[in-house]
Amino acid sequence: MSRRILYIIDSLKIGGAEMLLLGLLDAVAARGDEAHVAYFSPGPLEEEVRVRGVGLTRLSRRGLRDPRAVIRALRLIRDWRADLVHTHLVKSDLVGQLAARIGRRRRIITLHNTDPWRRNRKLSLAYRAITHGADACIAVSDRVAEHVAKHGGYRRDGIATIVNGIDLDRFDPDAVQPLDLARYGVLPGDTVFAVIGSLTEQKDHETFLKAAALHARRDPRARFLIVGEGPLDTQIARRARALGLLNGPVVLTGAIFEMPELLAAIDGLVISSGWEGLPMVLLEAMAMRRPIVSTAVGGIPDVLCDGVNGRLVHAADPEALADGMARLCADPVQAGRMGGVARETVAARFGADVMRAKLCDLYDATLAGTQLSSTTPEPAI
């Protein structure tokens with residue numbers, strides 16, 4: 001019997017949670033279930049959802065400042081006759097979980113990040129009060145689960161971990177044609193590093209830009225791509241210009257959907273984030289055998305081992321980040337070896353099929369009312 005699953009997510013811009021959602025849409029369609037996507041901010045992934053034959057509903061242009069978003073979500077739940085509501089990211093958790101609670105539907109939360117706001121007791125209490133009673137709570141890494149349990153007031157055994165997974169066929173370095181980076185001013189012989197993700201505070205582009213400035217002094221042929229879009233695009237461009245980097249060593253590319261092709265074209269991925277869960281772009285780059293230098297935040301150290309399949313540095317340390325890039329450039333043989341181990345790591349632990357099967361099993365159990373008690377997020381206090 002076909003079930004109706006409503007996904008609610010903050011945006012349809014290109015990001016880790018959003019790309020994860022596309023995989024879930026494919027998985028539920030393969031099972032014969034129906035899906036619908038509700039969102040707040042538009043983006044290039046709208047068309048990707050439409051071509052899958054999945055309906056779209058925009059809840060609000062104003063986010064949490066619009067109380068009517070909850071009413072719209074509730075109306076959608078009832079009119080579309082959703083059996084299960086699965087929310088992703090904080091804004092959607094608050095609106096979607098409240099609407100599903102009022103509408104008396106089964107509901108699941110996926111926690112994607114070690115958000116620092118959870119350390120604020122008042123904010124954590126508000127989040128817990130609104131989302132309390134969800135049928136299942138999933139974290140994308142153990143570090144995320146531990147962070148939410150510690151700062152969010154939930155029991156650790158009330159949060160299940162289902163790690164992100166990668167489509168290894170799509171991210172196959174032996175079958176991908178590298179993207180032509182000439183459009184971004186990259187010339188033959190240039191060394192290209194990219195930071196890929198939403199242009200938000202979390203990704204700490206300030207540290208990346210400072211590191212880029214340091215590394216550019218050592219290597220005049222180094223080029224740095226800032227890939228993505230977000231609310232800080234103007235601020236980041238202004239800062240890059242102030243450092244004398246914009247449209248020289250540093251280029252803001254905007255969103256790029258051809259992720260395997262982009263990763264195949266760069267010499268290294270840089271993650272400068274101040275906090276994370278388990279970033280999809282990390283796993284994607286590992287699958288593509290890319291050398292990586294990353295801050296040791298969230299679930300990243302559970303996947304990346306310094307000197308084995310990548311380089312780890314402290315957060316907010318541009319000198320360490322620049323040194324990590326320099327070390328990758330200084331020993332390309334070792335960098336290639338680490339990329340090979342990275343691919344093996346992802347293939348062994350982070351296949352998309354396993355992740356999607358676990359989520360679909362959880363859907364079955366939740367809709368049957370037989371989900372494990374370890375997936376029910378009860379408050380600790």
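**Pockets, salt bridges and cysteines**

Mentor: Let's begin with helix 1, which supplies 5 residues to the lining of the second largest pocket, the largest share of that lining. Keep in mind that we are looking at a predicted model.

Trainee: Happy to. What volume does the second largest pocket have, and which residues are closest to its centre?

Mentor: Its volume is about 270 Å³. Among its 17 lining residues, Met-19, Gly-23, Asp-167, Arg-170 and Arg-356 are the closest to the centre. Helix 1, helix 10 and helix 13 (352-368) are the elements that give two or more residues to this lining.

Trainee: What makes up that lining in terms of nonpolar, polar and charged residues?

Mentor: The split is 8 nonpolar, 2 polar and 7 charged. Of the central residues, Met-19 goes with the nonpolar group because Met is on the nonpolar list. Asp-167, Arg-170 and Arg-356 are charged because Asp and Arg are on the charged list, and Gly-23 is polar because Gly is placed there.

Trainee: And the largest pocket: how much space lies in it, and which residues are closest to its centre?

Mentor: About 1200 Å³. It has 50 lining residues, with Glu-18, Leu-89, Ser-198, Thr-200 and Gln-202 closest to the centre. Strand 1 (4-11), helix 1 (16-30), helix 4 (90-102), strand 5 (106-111) and helix 10 (280-287) each give two or more residues to the lining. Helix 1 has the largest share here too, with 5 residues. The lining holds 22 nonpolar, 15 polar and 13 charged residues.

Trainee: On to charges. Why is the pair Arg-118 and Asp-115 called a salt bridge?

Mentor: Their closest N and O atoms are 4.0 Å apart. The cut-off is within 4 Å, so the pair counts. The structure holds 21 salt bridges.

Trainee: Are Arg-118 and Asp-115 buried or exposed, and how do you know?

Mentor: Buried means under 20% relative accessible area. Arg-118 has 2%, so it is buried, and Asp-115 has 12%, so it is buried as well.

Trainee: What makes Asp-190 and Arg-223 a link between parts of the chain?

Mentor: Their side chains meet in a salt bridge at 3.7 Å, N to O. Asp-190 sits in the loop between strand 7 (160-161) and strand 8 (191-196), while Arg-223 belongs to strand 9 (residues 222-227), so the pair ties together parts 33 residues apart in sequence. Asp-190, at 10%, is buried, and Arg-223, at 17%, is buried too.

Trainee: Why is Glu-206 called partly exposed?

Mentor: Its relative accessible area is 28%, and partly exposed runs between the 20% and 50% limits, so the label fits. Its salt-bridge partner Arg-239, with 3.0 Å between the closest N and O atoms, is partly exposed at 31%. Glu-206 is in helix 7 (residues 205-218) and Arg-239 in helix 8 (residues 233-242), and the pair links distant parts of the chain, 33 residues apart.

Trainee: Which residues are joined into one network by salt bridges that share partners?

Mentor: Arg-3, Arg-31, Asp-33 and Asp-364.

Trainee: Last one: how do you know whether Cys-137 is in a disulfide?

Mentor: Searching the whole structure finds 0 disulfides. For Cys-137, the nearest cysteine sulfur, that of Cys-360, is 18 Å away. A disulfide needs the sulfur atoms within 2.5 Å, so this pair does not qualify. Cys-137 is buried, at 2% relative accessibility, whereas Cys-329, at 30%, is partly exposed.

How values were computed: Residues numbered from 1 in each chain as written. Predicted model: local features only at pLDDT ≥ 70, side-chain atom pairs only at ≥ 80, totals over all residues. Heavy atoms only, no water. Buried < 20%, exposed > 50% of the residue type's maximum accessible area, 1.4 Å probe, protein only. 1 Å grid on protein atoms, 1.4 Å probe; cavity = no way out; pocket = protein on both sides within 12 Å on 5 of 7 lines; lining within 4 Å. Points joined across faces, edges and corners; volume = space filled by probe spheres on them. Helix = DSSP H or I, 4+ residues; strand = E, 2+ residues; numbered from the N terminus.
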